[in-house]
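This report goes through a protein chain from its overall build down to single residues. Please keep the sequence and the structure in view while reading.

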Amino acid sequence: MDDATVHNYHPLPVVIESAEGAWVTDTAGRRYLDLLAGYSALNFGHRHPRLIAAAERQLGRVTLTSRAFQHDLFAPFCEQLADLCGMEAVLPMNTGAEAVETAIKTARRWAYRVKGVPADTAKIVAARGNFHGRTTTIVGFSDDEEARDGFGPFTPGFELVPYGDVEALSAAVDDRTAAVLLEPIQGEAGVIVPPPGYLAEARRITEERGVLLIADEIQSGLGRTGRTFACEHEGVVPDAYILGKALGGGVLPISAVVSSRAVMDVFTPGSHGSTFGGNPLACAVALEVIALLRTGAYQRRAAELGARLHRELAELADGDWPVTAVRGRGLWAGVDVSPAVGTGREICERLMARGVLAKDTHGSTIRVAPPLVISEEDLSWALAQLRGVLG
Ligand SMILES: *Cc1c(COP(=O)(O)O)cnc(C)c1O
C-alpha cells in the first residue's frame, strides 16, 4: 500500500471497484465471491436493491438534522427496531464500538441509580477472547495483546472470565456487578460457539442476582445464524441487545442499544449523545433492513444454506483434510486449518487467486460468512475452491 495510508490493516491485495449481491469486481475487472460480507455488515449482500432504493429516496428528502431537532423517521425507526427485538426503547449510535460504549454507560448508570451500587465501584463482567470494538475503554478489557499494546492506561471496572464457563461466570458476579456482557457467539475469536446451555445459564445467573445480561449481537445478530438473534438458539432474551453492522444494510453505519424502558430511562437530556446517531439517512436504510428481516426470508436462508455449509465442512473436519476443527452456526463458520498447509493468510491468498475473498483470524482460522443472499450454487462453488486450496 502506498503512501498516505496508515497501516492498521493488512488487506489482501485486491482493489474493489464495484459490487453486487455476493460478488465484487476489482479494478482489473476480475470477479470475486465475498465470503466475509464486511464482517457481517453485508448480510443482505452488496447494494441490495431495496436498501439502495431506500437510501436514494431519502437523499431526496433530508439526510442530517442532528438530535437537536427531530426528524420524521426517528420515532418510526426506534419503534420498529424495538418491536423487532421484543424490547421497548432504542438508543441509536453509529459504529458498533459506540453502541458498546453506550451499553457500558447504560449498565453503570443503571447500577448506581437502580441497583444501588456505591458510586464509581460498578463492575462489568466480560469474557476472555471477546471482541467488542476498538475504543480505549473497550480494548482495555480485551485480552488480545495486539489490540491493547501501547494504548494504556485503561478504564477500570471490568473482569474477564473464560468464555463458556458457567461456574467462573457465577463466581465473578457480585454485589457490585452491573452487567454481564457477552457475544452469544464470539466472532473475531474464531466463530466460537459456547457449550450448549451456557447462555441460558448466564441468563439464569444474571436474573437471580439482579445483573443485566447484555448481548453484543453486532456480528451474530440480524439473520447470520439462521435466527434474528443468536440468543434465540438457547431461548434466551437478554436485558439489552447491542446491534450494528448489518443494521446499516452495508450502506452506512448505524448501531443501537435496545432494551427496556426501565433500563434506558437512566439517560436524561445531556447525559449521552451523538451528532450522527439516528440520522435520517441511516434511519431510512435501517427501516428497510428491519422490513427485510420481518419477512423471515433471510433468517430462513441462513438456516438452510448454513445446514449445507456445515454438512460440507464437517466432511472436511472428519476426513483426511488438513482441517483441525470447524465451528459455527447458520451461514457462519470458522475453519481451523492445519499449519502444515500454510497460515490462514496464505490460504486466503490462494482463495483469492481462485476468485474467493475470505479473511483469516488468529493465524489459522478461515471464516466463512458470505452475504445471506448468496446462491446455493455459488456457496457450493466457494466450498469447492476451499477444498482446492486445501487438497
Ligand atoms: C465488529 C464488532 C464490534 C465493533 O463494531 P465497529 O462498527 O467496528 O465499531 C463490536 N462487537 C462485535 C461482536 C463485533 O463483531
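Two strands are said to pair if DSSP finds at least two bridges between them. In this predicted model, one such bridge has Asp-34 on one side and, in β13, its partner Leu-357 on the other. Strand β3, residues 31–34, and β13 pair in the parallel sense over 2 bridges.

These two strands are part of an open sheet of 4 strands, ordered β1-β2-β3-β13, with mixed pairing. β1 (16–20) and β13 (356–357) stand at the edges with a single partner strand each, so one side of each has no neighbour in the sheet.

**The chain as a whole**

The secondary structure consists of 13 helices and 15 strands. The radius of gyration is 21 Å, close to the 21 Å that the globule rule gives for 391 residues, so the chain is as compact as a globular protein of that length. The C-alpha trace spans about 60 × 55 × 45 Å along its principal axes.

Of the 391 residues, 55% count as buried. Among contacts with a separation of 6 or more, 72% are between residues 24 or more positions apart. The accessible surface is about 16,800 Å², and carbon and sulfur atoms account for 52% of that surface. As for charge, the chain carries 37 positive and 48 negative side chains, and the centres of the two sets lie 3 Å apart.

**Strand β10**

Strand β10 covers residues 255–259, and 5 of its 5 residues are buried. What covers the strand can be followed face by face: Ser-255, Val-257 and Ser-259 are buried on one side, and Ala-256 and Val-258 are buried on the other.

β10 pairs with β4 (residues 89–93), to which 5 bridges join it in an antiparallel run. In that pairing, Met-93 has Ser-255 of β10 as its bridge partner. β10 also pairs with β9 (residues 240–243), in the antiparallel sense over 4 bridges. Here the bridge partner of Ala-240 is Ser-259 in β10.

**Three residues**

The table gives the relative accessibility of three residues. A residue counts as buried under 20%, as exposed over 50%, and as partly exposed in between.

| Residue | Relative accessibility | Class |
|---|---|---|
| Gln-58 | 3% | buried |
| Thr-65 | 19% | buried |
| Lys-105 | 37% | partly exposed |

Where is Gln-58 placed? Gln-58 is in helix α2. Not counting residues up to four places away in sequence, Gln-58 touches Thr-63, Leu-73, Pro-280, Leu-281 and Ala-284.

Thr-65 lies in the loop between α2 (49–59) and α3 (74–85). At 19% relative accessibility, Thr-65 is under the 20% cut-off and therefore counts as buried. Leaving aside neighbours within four places in sequence, Thr-65 is in contact with His-71 and Pro-280. Pro-280 thus appears in the contact lists of both Gln-58 and Thr-65.

Lys-105 belongs to helix α4, residues 96–115. Its value of 37% falls between the two cut-offs, so Lys-105 counts as partly exposed. Outside the four places on either side in sequence, Lys-105 touches Phe-267, Ser-271 and His-272. Lys-105 and Thr-5 are 100 residues apart in sequence, and their C-alpha atoms are 33 Å apart in space.

Technical notes:
Residues numbered from 1 in each chain as written. Predicted model: local features only at pLDDT ≥ 70, side-chain atom pairs only at ≥ 80, totals over all residues. Heavy atoms only, no water. Rg over C-alpha atoms; globule rule 2.2 N^0.38 Å. Buried < 20%, exposed > 50% of the residue type's maximum accessible area, 1.4 Å probe, protein only. Contact = heavy atoms within 4.5 Å. Areas by Shrake-Rupley, 256 points an atom, 1.4 Å probe, with all protein chains shown as cover. Lys, Arg positive; Asp, Glu negative; His and termini not counted. Charge placed at Lys NZ, Arg CZ, Asp CG, Glu CD.
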